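Student: Could you take me through one helix up close, and then show me how it sits in the rest of the chain?

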Amino acid sequence: MQSSTIRAFFLDYFRSKDHLIMPSFSVIPQNDPTLLLIGAGMAPLKPYFTGEKKPPHLRVATCQKCVRTPDIERVGYTGRHATFFEMLGNFSFGDYFKEEAIAWAWDLVINGYRLPVDRLWVSIYEEDDEAFKIWNENIGVPAERIKRLGKKDNFWEIGLGPCGPCSEIYYDLGEAAGCGNPDCAVGCDCDRYLEIWNLVFTQFSREANGGLVELKQKNIDTGAGLERLAMALQGVHSLYDTDQVRPLYDHFVSQADPGRRDQQIQLRVVTEHSRGTTFMIADGVIPSNEGRGYVLRRLLRRAVRYGRLLGIEGDFMTEAASLVVDQMGSAYPNLKDRHDYIRQVVSLEEQKFQETLAQGMDILDSYLEKMQCAGEKILPGDLAFKLYDTFGFPLDLTAEILQEKGLEVDREAFGVNLKEQQERARAATRTAAGKDLNEHYQAAEALETVFTGYESLEQDAQLMLALADGKAVAELIQGDEAELFLDRSPFYAEAGGQVGDSGLIEAAGAVFKVINTVFTPFGQIAHQGQVVEGEFKAGSRVQARVDQVRRRGICRSHTSTHLLHRALRRTLGDHINQAGSLVAPDRLRFDFNHFTALSGQQLRTVEEEVNRMALDNVQVTATLTNLAAAQKAGATALFTDKYEEGSVRMVSAGDYTRELCGGTHVSATGEIGLFKIIAEEGIGSGLRRIEAVVGFGAYRQAVKNDQLLKSIAVAMNTDMPRLADKVTEHLAEHKLLQKANQELQQKIAASEVASLLSTIRDVDGAKVLSAAVTAAGLESLRLVMDEVRGCLSSIAVVLGAVSNGKVILVSSVTADLVERGIRADRLLKDVAKLVGGGGGGKADLAQAGGTDPAALPEALAAVDKLVREQLQGKA
């Protein structure tokens, strides 16, 4: 029976039992910060089990795609462990219970899938007499084929709360799949007894005192691994031999070096990991150094390393992703929809790691060699951190390589190094004077400030406290720089990427100019600025006025970021999430996760969509609600952030976008005016940044661009409509001139060769040429060297020239002389030192530079000696 039939058969069976068939959820958990990835069929349904949400039906069945990594090190070593798998499951939320769950599971296995009864075994929790009675008396399974197992194996619980016993159905793959131990039985860790279905009876609640209390509403949660059912139904001993996986395995066998095609573990790893990575990327996970992105990166890089051990070259994981899409796309259409995207993400990550893999392995091998000489068994954490930080080796990958050699890594010391790096990064958040913010604002800790700036930009208030250099002062006079604290304030404090307000705080005959507004660590609003007129006394009444023009500009930018975020998701995909922002009066910066640069067409599409929404002038509203209601309404947010229960602010621009946000916004999108993207760039692995201007800033940018184009048109003696054609003509002319110049340079190089050849010397049987030539740049110098190499089949060449006041050097050594010990990179390294520079390259070709033109003759004269030393093995 094919896997597609097994899947359909299961869902059809439970549809006939009045179950609602729900499609697979994403492998990214929704609104569950306790999980990195969905690793079980019940995980997306947890709110229904806990009563947090009402289920759409009391009976549900699914085929859920899952990613589970605790057993990653066992992948490849057994035939049943996998990081990606499909979990078939039927669930009851307070409806049927143990008797029906057992009866239906057995009926489907025996009468549906027609698995032979004599190959089936059952396990139950050792204290679950009720389950034993159902299996033995109701179903008719002989007592000797029902194994009682302990709490570790057959009782499901996670801390306090709902829990219960389990019962599992096992399929005996036969002695050939076993460990050979005469005591081998259900519960053995070998491959013989394959667990194909686990039935969890959630009937208790674990209390704080350790006791168990019977639940009023009992639930059923079952999980049958599709790949394991396929093993049983297709008569194979490994998931790698099943119909969905074998074609992928065979593909990697064909790609491997012929002498390594029997390396089963490596072949299994690349096969298995290619499935998991494809599904994770399709659901929006992108490689990173933390969270689920780290899991993806670890799987990809682990597969790349094993592929290299098999001798597979090129972007083999990228091609494998396409095979997975072909194999699984019918069951999971989003794989086909996101095929190109998946390939791009895999290719970029694969190429990035391949660039550093060889060098990183060389470094690790040198560490291992030193450890072996010293008789050490543990790699120091700082060295493991260097591999992680410089060469992109996930700690777990380094640990696995070491484990293969019977060695370990000092994880604790690695963690210390990582923490130190993070502390250095956080140091940038300290105050300029290096003072601790808590200490600086200690005097304000007990104060409370009410923000009124959503409703009004002016506010009567009381001056509760004035701080000068962190110290409370009773009075301020003209010229004093200070921070004022009010009981009520319309000033928005810098938060969420939005800059703080500026404006004035006034009292009788006194004016305080607010330059910036920030939050203290304790949540009060601090108005930073200077007294420009009169005197202020603590306790006096004041009038606070926000700079209205500046605030309106900030509102335009902030609402624009929401529209931009939505436009990016619509254009690039739902994997787009905000990673940072700056919201200023007439410009904005928006950071987001994405794997590659946006094309010109994509940028135009995003920009046009934002401007279209501005022209539509839809109403922008802010409503207070609870987190669950906001999520139900489709609000976008970083749901890993903490929000106060029952109090979140949802900002909506019509039905186009909804985000949880505490910032200030326009009342309608038409107030934005014009929106113009001015830059898009990468700022880190998997991170992009868009900079844009809005309102008058966008208008000024448009005027500036127009003036620039007009000035170029004047310089090129044409008008604006013909400017593009004129530029094309000039570029074509420039290309012809470049070609002519190159031909001239070649002729000049050829004319120099005759005189250069007459200076060739014999150094211990090797032809050597070192000379200074005339060259406009490195390219010209290479042309001369190519001419020399074309005349002789065996020679070591070092040429130098002075260009723009700097020394440039090139070296070439033919293959026969490389075999004798002469290396171009070493030659040039030593010559470059004599002219105050450095360089590098390969054994046959190298280039370098220097800062001391006067030393060039002496440096070139040293070449013969350096060649002789290399031939004698001294270099």
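Tutor: One term before we zoom in: a residue is called buried when its relative accessible area is under 20%. Bear in mind, too, that this is a predicted model.

The helix I'd pick is H4, which covers residues 129-139. Three of its residues, Ala 131, Ile 134 and Trp 135, are buried. They sit on the same side of H4, because the arc they cover around the axis is only 90°. So what lies over those buried residues? The cover includes helix H3 (98-112) along with strands S4 (120-125), S5 (146-149), S7 (161-172) and S8 (193-206). Right after the helix comes Gly 140, with a positive phi near 95°.

Now follow Trp 135 inward. Together with Trp 197, Trp 135 has the most contacts inside the largest nonpolar core, a set of 116 residues. Helix H12 (residues 339-374) gives this core its largest share, eleven residues. Apart from that core there's another one of 27 residues, including Ala 567, Val 606, Met 613 and Val 694. As a general point, nonpolar side chains tend to be buried together in soluble globular proteins.

Trp 197 is worth a stop of its own. Skipping neighbours within four places in sequence, Trp 197 touches Phe 10, Phe 14 and Asn 90, then Ala 105, Leu 108 and Val 109. Its contacts also include Ser 167, Glu 168 and Ile 169, plus Thr 222, Gly 223 and Ala 224.

For another buried spot, try Ser 274, which lies in helix H8 (residues 264-282). Ser 274 counts as buried because its relative accessibility is 1%. Beyond neighbours within four places in sequence, Ser 274 is in contact with Leu 248, Phe 252, Met 317, Ala 320 and Val 324.

Zooming out, the protein chain has 26 helices and 35 strands, and 48% of its 875 residues are buried. Among contacts with a separation of 6 or more, 67% are between residues 24 or more positions apart. The C-alpha atoms fill a box of roughly 105 × 95 × 60 Å along the principal axes. About 41500 Å² of the chain is exposed, with carbon and sulfur atoms supplying 49% of that area. As for charge, there are 97 positive and 119 negative charges, and their mean positions are 2 Å apart.

Technical notes: Residues numbered from 1 in each chain as written. Predicted model: local features only at pLDDT ≥ 70, side-chain atom pairs only at ≥ 80, totals over all residues. Heavy atoms only, no water. Helix = DSSP H or I, 4+ residues; strand = E, 2+ residues; numbered from the N terminus. Buried < 20%, exposed > 50% of the residue type's maximum accessible area, 1.4 Å probe, protein only. Contact = heavy atoms within 4.5 Å. Areas by Shrake-Rupley, 256 points an atom, 1.4 Å probe, with all protein chains shown as cover. Lys, Arg positive; Asp, Glu negative; His and termini not counted. Charge placed at Lys NZ, Arg CZ, Asp CG, Glu CD. Arc of directions from axis to C-beta. Core = buried A, V, L, I, M, F, W, Y, C linked by side-chain atoms within 4.5 Å.
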